[in-house]
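The following exercises are to be worked with the sequence and the three-dimensional structure in view. Each task is followed by a solution in steps.

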Amino acid sequence: MHDSAVGEVLAGLAQAGVSIACYLPDSLFKPLYPAMDAAPGLRTIRVTNEGEGAAICGGVFLSGRRAVLVMENSGLRASVEPLARMGLGAGIPVVMLMSYRGEMGENNWWAVPHGITMEPVLGALRIPYRVVRREQEIRQSIVDAYELAYSSYYHTAVALGGEIVR
Amino acid sequence: MRRYDCMVSLAGLLTDELVVLSLGGSVDEWYTAAPHMRAASLFQQQLGCVTPEAFGLAVGLPHRRVVSLDTDGGLLFNLGILATLGNEQPPNLFVVVWDNERYQSIGGPPTHTASGRVDLAGIARASGVTEAHTARTVEEFAAHCAAGLAAEVPYLVVAKVSGETVPGIRRKHSDGREDKYVFVRHVEESEGIVIMGPSEHN
């Protein structure tokens, strides 16, 4: 992931009014995590699994501040239970930014399941999402994800793939 | 020690705090034990989310005391939150764990704490939540509530309660969506902020 893409993510989060980021680090977003840690106005919280991060983000929503859950797309599977309970059961939204492991070009066997499951799992949870593979679309996609999450009071997701993360 | 008696004791100490609580019998008991806190309580129906949600709320409102009413089954579902609290050290979060050593809402099969070997307060302390204690009497519990509500570090008390539920208590009729709206409107009014505002006209 190039510094310019990291910058677009930070700019998108700032434009969307995000002040808290929960994350469980992964390799494709490797430079993003220290950049978030260092970003002015952004508090980062490292979590032990992505489901815990989703629940923390739900709590942040209830405070009136805006949070983001940043993770590899495998974290979506770890988050299904809290996402279903909070989103479908109570209308508490979580906005997710995830790296797209397992898409075309994947060269790790262990990441193949992430590509197979990501979009069907998002579909099963009826979570609107956008796969972004061009750097110039990152910022607006993040802003758009918050617009929809805060009008639907339901989760949204942005997956960064292609040359953005490779 | 009955959970309901502990709740009555805790409720008497609460005024402008926010509460997030877990599923099962504790929902109706808290609804009845703390009628003045109904709008200030987020009633959840999910294992493993209660303390993380309460922590997120505490991060978002650092000037406000947040109380998590979790359970043994709920905390065991996601012990990782204790490590997160140990590292983050939220100064305004008070966690109560109702430990009845069973999954009460489905009839009472034992949780891992029923063996007597699993010590949730010990796990919390080893995770960096140094103010983590176990209460076995209502008096002990009340003392920990007073300390936890005044603490400037995360404070956790495991309340070893019996499996009995108080008979004849009033049932809560609302679902998760209504509970969320009631809670959010309470936060908005008490904080003077807008969380769920009007739509744009465009």
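B:Gln89 lies in the loop between H5 and E4 of chain B, where helices (H or I, at least four residues) and strands (E, at least two) are DSSP runs numbered from the N terminus. The model is predicted, so local features need pLDDT of at least 70 and side-chain atom pairs pLDDT 80 or more, whereas totals for chains, interfaces and linings use all residues. Residues are numbered from 1 along each chain as written, chains are lettered from A and ligands numbered from 1 in the order written, and side-chain values use heavy atoms, without hydrogens and water.

**Exercise 1.** Determine the sign of phi at B:Gln89 and state whether this residue is buried, partly exposed or exposed.

*Solution.* Step 1: phi of B:Gln89 is near 50°, a positive value, and the residue is not a glycine. Step 2: most residues other than glycine have a negative phi. Step 3: the relative accessibility of B:Gln89 is 29%, so the residue counts as partly exposed; buried means under 20% relative accessible area, exposed over 50%, and partly exposed in between (1.4 Å probe, protein chains only).

**Exercise 2.** Describe the surroundings of strand E3 of chain B, residues 66-71.

*Solution.* Step 1: 6 of the 6 residues of E3(B) are buried. Step 2: in a regular strand the side chains alternate between the two faces of the sheet. Step 3: B:Val66, B:Ser68 and B:Asp70 point one way, while B:Val67, B:Leu69 and B:Thr71 point the other way. Step 4: E3(B) pairs in the parallel sense with strand E1 (residues 18-21) of chain B over 4 bridges and with strand E4 (residues 93-99) of chain B over 6 bridges; two strands pair if DSSP finds at least two bridges between them. Step 5: B:Val67 stands opposite B:Phe94 in E4(B), and B:Val19 stands opposite B:Val67.

**Exercise 3.** Characterise the interface of chain B and chain A.

*Solution.* Step 1: 31 residues of chain B are in contact (heavy atoms within 4.5 Å) with 30 residues of chain A. Step 2: B:Val59, B:Arg177 and B:Ile195 supply 20% of the area that chain B buries against chain A, more than any other three residues; buried area is the accessible area (1.4 Å probe) that two parts lose on being put together, summed over both. Step 3: the rule finds 1 salt bridge across the interface. B:Glu88 forms a salt bridge with A:Arg43, the closest N and O atoms being 2.8 Å apart; the criterion is a side-chain nitrogen of Lys or Arg within 4 Å of a carboxyl oxygen of Asp or Glu.
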